[in-house]
Structures are given as C-alpha cells and as structure tokens.
Amino acid sequence: MQAQPAPPGIRVRINLLCQIALGILAMAACLPSMPFWMEHFGESQARVQLTFAAYLIAFAFTQLIYGALSDSYGRRRVLIAGLLIGLAGTVLAIFAQSLDGIIAARALQGAGTCSGMAVGRAMIQDSFVGAALTRMMAYVGMVMGLCPPAGTLLGGQLHVAFGWRASFVAIALVSVMLLLAAWFGLPHNRPQPARRPSLRQMLGSYRTLAGNMPYLSFCLVVAFSSSAFYVFLAATPIVLDSYGVAPNRIGWYILFVPVSYIVGNLLTTRLAGNLDDKHLMVIGQCLNVTGISCVLLLAVSGWHTPLAVAAPLALLGLGHGLLMPPSLAGAVGAIPALAGAAAAMAGMLQQLTGAIASSMTGFIDLTAGTDMAALMLLLTALAISAQFLPRLARMKTSSDASTAD
C-alpha cells in the first residue's frame, strides 16, 4: 500500500485558504459602490445589477474549465493562469469609463478569481484525508463566512475615503500578492502524464461525476443549503426595513448568521474524528430546520421584530457550519482522480442555485418574514431530501433485482 503523503504545513494551508477567499472578497468589495454607479453613469438599477450578475455567472461556469484542466495540467499552473486573468479583469475595472466597461471587467474578473475556489478545494482534497479533510473544509467555511462582511466593510470604507475605484485597486494588490504566494509557496503537483484533455474528455469527466450518486447527493446538499443562505442575504435587509430597522443597523442583525456560521465551522474542527460526517450533517440539518421554523412561527404569530428574525437564524448559521464542511469534503473526495472537476462542478452548482434562489425573492412578499422563511424552509427540505438520494438509489436497485429474480 502506498503511504499517504504528509499533510502540508501551516504556511501552505494559509496560502490555500487565501486563494479560495479571493473570489468571495472580490465579489463583495465593490458592492457598496453599486448605488453610486447609478448616479455617476446615469444608469438604471437593473443595469447596475448586471455588474454583479456578470461576475456571478462567470464565476459559476468558469470553475468547470479550471477544475478539469487542473486534473490534467497540474493545480498550481492552472491556478496561476486564473489569477492572471482575474488580475487583468480587475485592472480593466480600475480604468473603466462606462458601466459597460465595468460589466465586461467584472465578468473577466469573476472568470479568473474563481480559479482559487475550484483549484484550492482540489488541492486540499489532494493533501488531506478523513477527519483532517473535514477539518480543513471547516476552515474553508470559516474564511468564506468572514469574506462577504469583510469585503463589504473594506469596500465601503475605501469608497468613502478614496472613491469607487479604490476597492478594485485593493483587490488588484491582493491578487498580485496571491500570485507571488502561489508561485513561490504552493507545491508543484505533477499532472497525469501525456493527457491533454479535449472538450469531449472534459465533458466526459463531468458526465462521470453527474452519474455518481454519492457525489451528486453531496453537491445538491451544498447547493440547496447555500440557496437558503442566499435567500437570507437577499431578503433580510428588506424584511428588516419593513420592521423599521435603520439602514446603518441592518448589518448588525445580519451578522448573527455569519458569526454563528463561523462558530459552527469551529465546532466542526473539534468534532470531526469524534463524530462521523453523516452525524455532523444530520445535526446541522436539524439546527437549520429549527431556526427557520422559529422565524416562520414568530412571523405568523405577529412577532415582527428584528430579533425575531436574527436570533433564530443564528441556528441556521450554526447548522450550516456543521453541515457544509463534511458535505464539501464528500463532494471533492467522491472520485479522487477527478477532484478538480468535482470541486469545480460543486462550486458551479452552489453559485448558480444561489443566484436563482436569491432572484426568487423578487416575486414574494417581504413585508414580513413569513414568505422568506417559507422559501428557506422549502430549500432546506430539498437539501435534506438530497442526503437520501444514495439510499433511495440502492433501494431501487435492490427492488429491481428482486423483481428480475
């Protein structure tokens, strides 16, 4: 039996976490500037929202390319190529003179920065196994929980102090530092020999993954659970506004969920090894259902106060902190030879379903938390159902075999 290589040291771990964080940080940093672009460029809100949509769409789908390429050409070189593309998009945004220029630049930026998400997760799968992999994915979750509020706060401060281009300058500087960190600080993994993937081979990798029931189950758990979180982010500011919360106080109530999510991931690093992944996922889902159900019951009962939304949803953050690390670890480790493609497809589904779910909030009543909680509960129920897909598939196979006999 071939010996498992020793896990990487603390510097490489921090390096990988920073590479994964770049895409989320770049996504959030310019959000405070978006209302200003409406007045500055004389554009509508719908047109300005395209800057965010362009980033998300490119971020979601380009991961599929990086994942498959990294399985064949090596993780590090594909990551560096993506960082260069993201840096080019960021520089174009700095010098953009129109909203169309920002839309194009944001699409290119998203197409590059997503390499850290896809390749970084694959490199973690390459280096860790078992409980150590789950713990590392928990640290990934903690970083991703910190990035949206940190990026928004940083971008807002830079916008006020130096103007809207400053957030892009900051992301460009971070990108340069991460390029150097990837070049000098990440290991050279050898790609599979003499394998130059064609489009057919790349599609074949994703077809193989889509036909793997355990992998598909983990992916759908991640996707639907993330969708519930995206609904929370999109709808809660409007719900709290209808409850009379001032704009400068909304962020404090939203922080309940990211902070509890970080705590949940921290608990996962302690519990992994003592509890198996399936038990962690079950506990996480129970907390999710409990938190969302409390919001729904309080809203139906007429408790239209900000704490009636924020406090119960702290259970959602805690539940996601226990649920997501083992789910992500299960996804990227389902077929080790396709770890890059697996991480990319999981990330694409996560971002895409989140974008669709958050857009659905535009068609429901957000003057109270009832409809928001109902939609979140539906998405959580879909995530729970996805956990049982492998068992249902096995039952169907056994039933077919019995019928054939």
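User: What phi does Gly163 take just after H6?

Analyst: Gly163 takes a positive phi of about 105° there. Helices here are DSSP runs (H or I, at least four residues), numbered from the N terminus. A word on the source: this is a predicted model, where local features need pLDDT of at least 70, side-chain atom pairs count only at pLDDT 80 or more, and totals for chains, interfaces and linings use all residues. Residues are numbered from 1 along each chain as its sequence is written, and side-chain values use heavy atoms, with hydrogens and water left out.

User: How do you know that the span of helix H6 agrees with its 33 residues?

Analyst: The expected span is 1.5 Å times one less than the number of residues. For residues 130-162 that gives 48 Å, and the end C-alpha atoms are 47 Å apart, so the two agree.

User: What makes the contact between Arg47 and Asp100 a salt bridge?

Analyst: The term asks for a side-chain nitrogen of Lys or Arg within 4 Å of a carboxyl oxygen of Asp or Glu. Here N to O is 2.6 Å, so the pair qualifies. Arg47 lies in helix H3 and Asp100 in helix H5, so the bridge ties together parts that are 53 residues apart in sequence.

User: Why is Arg75 called buried, and Asp126 partly exposed?

Analyst: Buried means under 20% relative accessible area, exposed over 50%, and partly exposed in between (1.4 Å probe, protein chains only). Arg75 has 5%, so it counts as buried; Asp126 has 30%, so it is partly exposed. Happily, these two also form a salt bridge, with the closest N and O atoms 2.7 Å apart.

Note on methods: Helices (H or I, at least four residues) and strands (E, at least two) are DSSP runs, numbered from the N terminus.
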